[in-house]
Amino acid sequence: MSLSRAGRFIAAPIGKKVIMAVTGVMLFGFVVMHLIGNLQIYIPADANGHYQIDAYGQALRNLGELLWVARLALLAAVILHIVTAIQLSLQANAARPVAYQKKDNAHSTYASRTMIWSGPIIGLFIVYHLLHFTGGQLHPDFKDLSVHHNVVRGFQDPLASLVYIVAMLMLGTHLYHGVWSMFQSVGVNHPRYTPHLKLFAKAAAAFLVIGNISIPISVMAGLVK
Ligand code: HEM
C-alpha cells in the first residue's frame, strides 16, 4: 500500500473502524489476561505464608524490559483507541451538522448509546486504578510487590470498592457493544452467525464483569483477607 493509500485508509471511517477493532482486541486481550491474573487472589497462602498472586506480581516484574514493551504497546493501543473514537464521533457529527429533531433509538441499544460516556469513565478509572494498585499514591497502605495485601487492604475501603464495581459495570456495557460492533464493522453480520456473535459478546462481558466484581465483594464480605 502506498503512503497516500495508507493515509486515505486511515482518514476514511472504515480505516478508523479497523483501528478501533485492532486496538479494541488488544485491550480486550489484556483485560482477559488481567482478570485471569487477578483471580489468583482466591488461592490461599502456602505453608510459608506466601501468596501465589505475589509470586505472579514478582514474575511480571522479572520480565524487566519486556514488561515495559508490553506496557508501551498497551498505552499506544489506549491512546489510538481514544483518539480514533473522538475522530469518528467528530466525523459523524460533521456528516449530520443539524442534530436530529427527534432521536430515533429503534436501532440502538442501551450499551451503544452509552459508549460516549462509558469510554471516558473507563479512562478515568484506569488513571485512578494505576494510582491505587500500581503506584500506590491513592492507596491507604501500599506495599510494593505485596499484591495480596494491597488488593485486600484497598478493597476494605467501601468507597474504593464502589468505584471498582461501577467501573466494571461500565466496562461490561462498553465491551458488549464494542465486541459486537467490531464484528459488524469488519463485515461479520449474517442471520446465521449474528445471534452467536451477540451471545459471545454477552458471555465475554459477563465473564469479565462477574469475575472482576467478585474480588471487591469477596474482600468486603471477609471471604478474602
Ligand atoms: C477488580 C478488578 C481489578 C483488580 C482487582 C485489579 C488489580 C490490579 C493490581 C493489583 C495491579 C498491580 C499489579 C502489580 O503491581 O503487580 C493492577 C495493574 C493494572 N491494572 Fe488492574 N485490576 C482490576 C481491573 C482492571 C481493569 C478493568 C483494567 C483495564 C480496563 C485494569 C488495568 C490495569 C493496568 C493497565 C495495570 C498496570 C499494569 C502494569 O503496568 O504493570 N485493571 N491491577
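How do the residues of the shell around the ligand divide into nonpolar, polar and charged? I began with this, noting that the model is predicted, that local features need pLDDT of at least 70, that side-chain atom pairs count only at pLDDT 80 or more, and that totals for chains, interfaces and linings use all residues. Residues are numbered from 1 along each chain as its sequence is written.

Entry 1, the ligand. I found that the shell divides into 12 nonpolar, seven polar and one charged, where Ala, Val, Leu, Ile, Met, Phe, Trp, Tyr, Cys and Pro count as nonpolar, Asp, Glu, Lys and Arg as charged, and the others, Gly among them, as polar. Of the 20 residues around the ligand (C-beta atom, placed from the backbone, within 6 Å of it), I noted that Gly57, Arg71, Phe133, Asn212 and Ile215 come nearest. Helix 6 gives the most, with six residues; helices here are DSSP runs (H or I, at least four residues), numbered from the N terminus.

Entry 2, helix 6. I looked up its length: the 20 residues should span 28 Å at 1.5 Å a residue, and the end C-alpha atoms, 27 Å apart, agree with this; the expected span is 1.5 Å times one less than the number of residues. After helix 6 comes Gly136, with a positive phi near 85°.

Entry 3, helices 7 and 9. I saw that the axes of helix 7 (residues 147-155) and helix 9 (residues 194-220) come within 8 Å and cross at roughly 75°, the axes being lines fitted to C-alpha atoms over the stretch in contact, with angles from 0 to 180 degrees between N-to-C directions.
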